Amino acid sequence: MIDGMSLHRSLTDPSLQSINFLNEVVARYPEAISFAPGAPFEEFFDEVSIEDCINRYSVHTAEKVGISFLAARRRLFQYGPSQGLIGDLIAKSLRSDFTMDIDASSIVVTVGCQEAMFLVLRALFSSTRDVLAVVEPCFPGILGAAKLLDIEVVGLEEREGSFDRRQLDRLCDHARARGKRVRALYVAPDYSNPTGSILSEEARLELLEAAGAEDFFLLEDNAYGFTADPTEARPTLKALDQDRRVIYLGTFAKIGFPGARVGFAVADQMTSTRGGGEIPLAKELAAIKSMLTVNTSPICQAVIGGLLLQHNCSLASLARKKSLFYRSNLKALLEALDRKFGTLAQLGKVSWNAPAGGFFVRLRLPVSADEALLDLSARQYGVLWTPMRIFYCSAESCPEIRLSCSNLTEALISEGVTRLAKFVQGLPGV
Ligand SMILES: Cc1ncc(COP(=O)(O)O)c(C=O)c1O
C-alpha cells in the first residue's frame, strides 16, 4: 500500500478533497434539484451540429492553406502544433467582441481555461519567492493549480464593484518583508465565480496602475463576461492594458460547451531568448504545454473553430441570445429568494447579493455551510448547492453557499428555492 502522506501534499489538502466530495454528492442524489455546478444550460447544446462545425472548419483550412478538403480534414486526426490551430480565429473574435487588438502569435489554445491557468502559473512562478494573490472568493481551479505547483496564495478581499487598494498594498509590503514578491494577481472582473460581482471601470484602471506600481501581472479570467447586458458591458482589463501587464484567460466552456474543453491564454508579453532575440510569452506557454497535453485536440479545436466561423468570428449574437436566458434565470432566482426568504431576511437570518449577470448568487445562512450540511440538504430536502468555503484560500468555516441558476428551468428554480427554504427553516437558530 502507498502511504498517502508520501504523495504530493496537494492530495491531502482539504480543498482538493472538497471538490471530489461535491462531485460525489451530485452523483449520489441525481433526483435533487441542483444549484451546485456552474454548468451551461444543456438545451443550448442541441443547436450545435459538431459535424457541420468540423466541415466548416475543414473548408476554411483547405481554402486558407490551399489543400484539398480531405487533406484539411485529415489534419484534424493528427497531432497538431502545441500553440494551437485556431489562434487566428480567436484573435478575430477578441477584436470584434472586446476591441482587443491581439496578434494570433500571442495566443495559445488550451485544454479549457484550467490548463491555461496551469501553464501561466508554471511559466511565471519560478521560485518559492513568488506569491500569487487572488481576489477572493474565487474560482477553485486557480487555487488548485497553485497547490499542484506548490505556489503560495494570498487573498485580497472582494469589495462590491471594487477592491481595497490599501489591502493590496499591504499584501505586497507583507510579501516583501518576508523576502517574497507578489508575482501575479488573479481576478475575474466580469461576473465572477462565485459571487457574480463586477469591477467598475475605475477599479479596473486602478488595478492596472497598482500592477505597474508593484510590478506584478494581472491574470484576467473572463469566463462569464458574455452574460452582460450589452448596454452594460465594460472594457476588459486586457483591452485597457497599455503596459502588457495582463494575461487574459479565456474559455469556450460557458458561451459554447465545456465538453469541447477548449480555452486559451492571451500572453503578448515579450520574453528575451538565450540567443538575444525575443518571443511572445505565448510561445513559452506552448513549450510547457508540449510536455503536458502536447496539443489541444485538433478535433475539438475544429468544432470551436467551426462555431467561430459560423458566427463570422464574433460571438456577440450568440452572447446576446444566451445572456438573455441566463439573466432571465438570475431574475427568477432572485424573485424566488425574495418570495421564500423575505421574512427571514427581514429578521436578519439570511441575506444574498443581487448580481446583474453571471451564473451565481451568494446566500448567507445563519450557520456554517459545510459538506455535512450539504449532504443533509440533499438527502432530506432534495436540493444541492455549493459551500462557499471552497472558494477561499484558507477559510476554515464559512456561513455562505453559492447558488447556480445556469442549468435549470424557471420552474425548477422556483421549486428548488421552495425546498431550500424548508431546509433553511430547519436549521438551528432560525
Ligand atoms: C471563473 C472560471 N474560470 C475558468 C473555468 C474553467 O473553464 P474551463 O472549463 O474552460 O476549464 C470556470 C469553470 O467553471 C470558471 O468558473
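Trainee: In which strand does Ser404 lie?

Mentor: Ser404 belongs to strand β16, residues 400-404. Strands (E, at least two residues) and helices (H or I, at least four) are DSSP runs numbered from the N terminus. This is a predicted model, in which local features need pLDDT of at least 70 and side-chain atom pairs count only at pLDDT 80 or more, while totals for chains, interfaces and linings use all residues. Residues are numbered from 1 along each chain as its sequence is written, and side-chain values use heavy atoms, with hydrogens and water left out.

Trainee: Is Ser404 buried or exposed?

Mentor: Buried means under 20% relative accessible area, exposed over 50%, and partly exposed in between (1.4 Å probe, protein chains only). Ser404 has 2% relative accessibility and therefore counts as buried.

Trainee: With which residues is Ser404 in contact, leaving aside its neighbours within four places in sequence?

Mentor: Contact means heavy atoms within 4.5 Å. On that basis, and with those neighbours left aside, Ser404 touches Ser34, Phe35, Ala36, Pro37, Gly38, Phe359 and Phe360.

Trainee: How should the sheet that contains β16 be read?

Mentor: Strands of a sheet pair through backbone hydrogen bonds, either parallel or antiparallel. Two strands pair here if DSSP finds at least two bridges between them. The order of this open, four-stranded sheet is β12-β13-β16-β15, with antiparallel pairing. β12 (351-352) and β15 (386-387) are at the edges with a single partner strand each, so one side of each has no neighbour in the sheet. Two bridges link β12 to β13 (residues 360-364), and Trp352 stands opposite Leu363 in β13.

Trainee: What is the order of the strands in the eight-stranded sheet?

Mentor: That open sheet follows the order β2-β9-β8-β7-β6-β3-β4-β5, and its pairing is mixed. Its edges are β2 (107-111) and β5 (162-163); each has a single partner strand, so one side of each is left without a neighbour in the sheet. β2 pairs with β9 (residues 262-266) in the antiparallel sense over five bridges, with Thr110 opposite Gly263 in β9.

Trainee: Which residues come nearest to the ligand?

Mentor: A residue is near a molecule if one of its heavy atoms lies within 4 Å of it. Of the 14 residues around the ligand, Cys113, Asn193, Asp221, Tyr224 and Thr251 come nearest. A ligand oxygen atom is 2.5 Å from an N or O atom in the side chain of Thr251, and one is 2.7 Å from an N or O atom in the side chain of Tyr224.

Terms used: A polar contact is a pair of N or O atoms within 3.5 Å; within protein, one must be able to donate a hydrogen and the other to accept it, and residues adjacent in sequence count only if both atoms are side-chain atoms.
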